[in-house]
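Let's take a walk through this structure together, one piece at a time. Keep the 3D view open and turn it as you read.

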Amino acid sequence: MSDLTRRTVLKAAGATLGASAFAAAIAPLTQWQPAESVDEFLRRHYKELTAEDLAAICRRIEADTKVSHGIDVHVAAPQPMPGVQFGYALNLSICVGCRRCAEACHQENNHDRTSHNSYIRVFELDNGSIDLATGDATYDHPVPAKGKYYMPVQCHQCDNAPCVKVCPVEATWKEQDGIVVVDYNWCIGCRYCEAACPYHARRFNWKKPEIRPEEINPDQGYLSNRVRPQGVMEKCTFCLHRTREGRLPACLEACPTGARVFGNLADPNSDIRWVLANKRVFILKDDLGTKPRFFYFFDK
Amino acid sequence: MAAIALHRPGLLPFLRQAFGHATDGGPLFYAWMTLLTCIALVGVNAWANQVVSGMQVTGMGDHVSWGLYISNFTFFVGVAAAAVMMVIPAYLYHDHEMHDAVIVGELLAISAIIVCLLSVTVDLGRPDRFWHMMPGIGRFNWPISLLTWDVIVLNGYLGLNAWICGYLLWSRWRGTAPSPRLYLPFVFLSIIWAVSIHTVTAFLYCGLGGRPFWNTALLAPRFLASAFVAGPALIIVVLLVLQRLGSYPFGDKPVRLLLRVVQITALINLFMLAVECFTALYAGSTHAASLRYLLFGAHGHYALVPWMWSAIALNVVAAGLFLWPGLIRRPALLATACLMTFVGIWIEKGMGLVVPGFIPSTLHEMVEYVPSLTEWKITLGIVAGGLIIYTLLLKIALPLLSGWTPGLSVGVEAMDAQHRQLFDRLNALVVAIRSGCGATELDRTMDFLDSYVREHFADEEKLLTDAGYPGLEGHRRMHAGFTAELESVRAGLASPQADRQDLAERLHLSMRDWLLRHIQVEDRAYGVFLKQRLC
């Protein structure tokens, strides 16, 4: 009996010690501040929200940004326009590899400053080959270099998008106008889409993005360039907060050579339709059947 | 008059005893559990820090976006699936000896699945949002996303094995024969399900057209082949350790059978690796870039080369050892060979499969991956957690399966106490024979059992004579039959050319089962008779 009691006491002591050690081990979690409020945490999927819900969420994000960064921003949720199918084409004959598009993306989309993230990677390729294996995205010399040409790669907004298929929670989907979006407040951060994308178009927030308040672009979209939370995926949205309001993507506006052509594929008189009809156009990794909305062409 | 029945113990005492069994043990047990707890807590702490600081504390990045966690996940899915290599002989071929040992595999499946689920959870950037995956309150992208299939099959497999083990142990505790209707359909379902968990996990990868290294139809068969090497190898090690610890009063036929399994599967696995290498390398297409990087390095990057060649060497040497007929008589070497192939496949299927899928990247950039300290801590913590669960489950299950349980009570306290002793002494003899101890010690254990059997039978028959039990004659004949059987085992042990393993098998297969059924049926019958007389 006394042995039994002793054993029980020892077990209880062990259990107490274990429990307190466990509490100490998970203690760092108390410092964790997920970006959203309780309301935001418990809200429904984007597609189940009413226009009022969405507007309320945008106001909430504006208020949160005021608290976290001390600045006034405007968060809108522009919807796809009827009769518009966005497409993008890039003229490889005149791109000089200056990477101003990548820099404009970095600024416009409120990317993390420390990693110098951008949705665009520009590859320097040898003339005479279109093999990306011989390319270099980390070149650091004056451009255009002799014997080289340049190929910027960003999200291809595929019609048969592997990233959309694999998402277990429908946190990423294709909108009516062809743009593939991510709801940063729904994504669970499993990164399956990042593994699935054949164009290295997706990025993960490995930490909370760092950006000085005065550098934040206040003109924001809920599904595009608002400051992202930690631990979620993000991607190029053809700057939908601009393009759905009739403006052009930031990367296009920054291009000094006019290599970029953006427009409505559903409009037979658009520039992009003219390019597709008249230039030597190709798409990247045609064999994968992803049906991109991003086209490359040569004109000389 | 209400029907007189003996009391059947309920669920609460069952759980209480299970908890008691799980937390009682010798110094070695407590040392083992303390060690595992410490490792697990280091993992928990590392994970808590990762949640706060973000996944930047890992070695992953936008180029290699899955690493050690998903590698470990993939590997342990295979370990879980391998339980089926014991379930099939036990239930499809009615291998009696496997019937007792199969629970060792099923409990391993439960623990391995928990390791898998934890490994995926720690890989999530937003674990707080895991509920977004729940049908009803979240958005479950089924059937389009393969990940949702994996969620279903993994949790389903966990549920199936938990039910089968739980139900069989519960029946054993209650002293009732399990109803085949309540577990056999689930057993057969679990066989198909085991194949599905691994196939679906392979489909996670091979369904991605943008990753040529994974985009091969051979992936699922390879996954299964390697699972049926690593899983049985681990179970062999577990059985050897349990035998060594004397906490496994069962036969070593399961070890022999599992060794026969890995002899074949180890070769099939190597064959498939060779086929994969030939197809990619001989054609020389750019699709072979990842494989070339893995085997030989590329563009000045060699991080995975030593890993992969170690894996190949470990698997080749182990496969050779498995084929050597003398291996079964050398437990230490057998365990070493099993551990070699276990580690070999862990590398091949983890670091050697998941990571090179990202190198070179889809845009052919070469960015390498090395797991960070945080990733190692969390991964080891999860494995330690799995081992804690497995240890506790085994500690609950093995005594229940081989010993006396309250469900066997005949309502006479003195007889219950003697029955308990009978099981304990019978098991002690089985363990003594198996451990290959000397003749004197064996004799002592035999005497210990033999004298007790006679004493108990005499006591019981006296009790029944005094009570005027009508079935006494038949009962006495059964006792005599058992004593004679014991006598023949003793004679067998004394003879110099005795096959000790065979005798041990007779003891625990036929004699312990006889004892179990005898108490369940005949002894309970006199229990009911005695209780009726008292009323």
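Before counting anything, we need to agree on what counts: helices are DSSP runs of H or I with at least four residues, strands are runs of E with at least two, and both are numbered from the N terminus. One more thing to keep in mind is that you're looking at a predicted model.

Start with chain A. Its secondary structure adds up to nine helices and twelve strands. Put a box around its C-alpha atoms along the principal axes and you get roughly 95 × 45 × 40 Å. Chain A has 300 residues, and 43% of them count as buried. If you take its contacts between residues at least 6 apart in sequence, 64% of those join residues at least 24 apart.

Now find a sheet in chain A. Strands of a sheet pair through backbone hydrogen bonds, either parallel or antiparallel. The one to look for is an open sheet of four strands, in the order β10-β2-β12-β11 of chain A, and its pairing is mixed. Which strands stand at the edges? They are β10 (260-264) and β11 (280-282) of chain A; each has a single partner strand, so one side of each is left without a neighbour in the sheet. From one strand to the next, the twist averages 30°.

Zoom in on one pair in that sheet. Strand β2 (residues 86-91) of chain A runs antiparallel to β10(A), and the two are paired over five bridges. To spot one of these, pick A:Phe86 and look for its bridge partner in β10(A), which is A:Asn264. Packed on the sheet you'll also find helix α9 (residues 271-278) of chain A, which touches β2, β10, β11 and β12 (294-298) of chain A. The direction of α9(A) makes about 115° with that of β10(A).

Next, see where the two chains meet. The contact takes 49 residues from chain A and 44 residues from chain B. On the chain B side, the elements that give two or more residues are α2 (27-53) and α6 (146-174) of chain B. The largest share there, nine residues, comes from α2(B). Sorted by class, this side of chain B has 16 nonpolar, 20 polar and eight charged residues.

Let's move into chain B itself and try a quick check on a helix. Helix α12 (residues 331-349) of chain B has 19 residues, so at 1.5 Å a residue it should span 27 Å; its end C-alpha atoms are 26 Å apart, which agrees. Several residues of α12(B) are buried, including B:Leu334, B:Phe342 and B:Trp346. Among the elements covering its buried residues are α3 (68-81), α8 (219-245), α9 (253-283) and α11 (305-323) of chain B.

What about the nonpolar cores? The largest has 207 residues, and B:Leu107 and B:Tyr157 are among those that touch the most other members. Helix α5 (residues 96-123) of chain B gives the largest share of this core, 16 residues. Leaving aside neighbours within four places in sequence, B:Leu107 is in contact with B:Cys165, B:Tyr390, B:Leu393, B:Leu394 and B:Ala397. Apart from this core lies another, of 20 residues, with B:Ala432 and B:Leu503 among them.

Finish at B:Val453, in helix α15 (residues 439-467) of chain B. Is B:Val453 buried or exposed? It has 21 C-beta neighbours inside 10 Å, so it counts as buried. Not counting residues up to four places away in sequence, B:Val453 touches B:Leu422, B:Thr483 and B:Leu486.

Note on methods. Residues numbered from 1 in each chain as written. Chains lettered and ligands numbered in written order. Predicted model: local features only at pLDDT ≥ 70, side-chain atom pairs only at ≥ 80, totals over all residues. Pairing = 2+ DSSP bridges. Axes fitted to C-alpha atoms, helices over the stretch in contact; angles between N-to-C directions. Contact = placed C-beta atoms within 7 Å. Nonpolar A, V, L, I, M, F, W, Y, C, P; charged D, E, K, R; others polar. Buried ≥ 20, exposed ≤ 12 C-beta atoms within 10 Å, placed from the backbone. Expected span 1.5 Å × (residues − 1). Core = buried A, V, L, I, M, F, W, Y, C linked by C-beta atoms within 7 Å.
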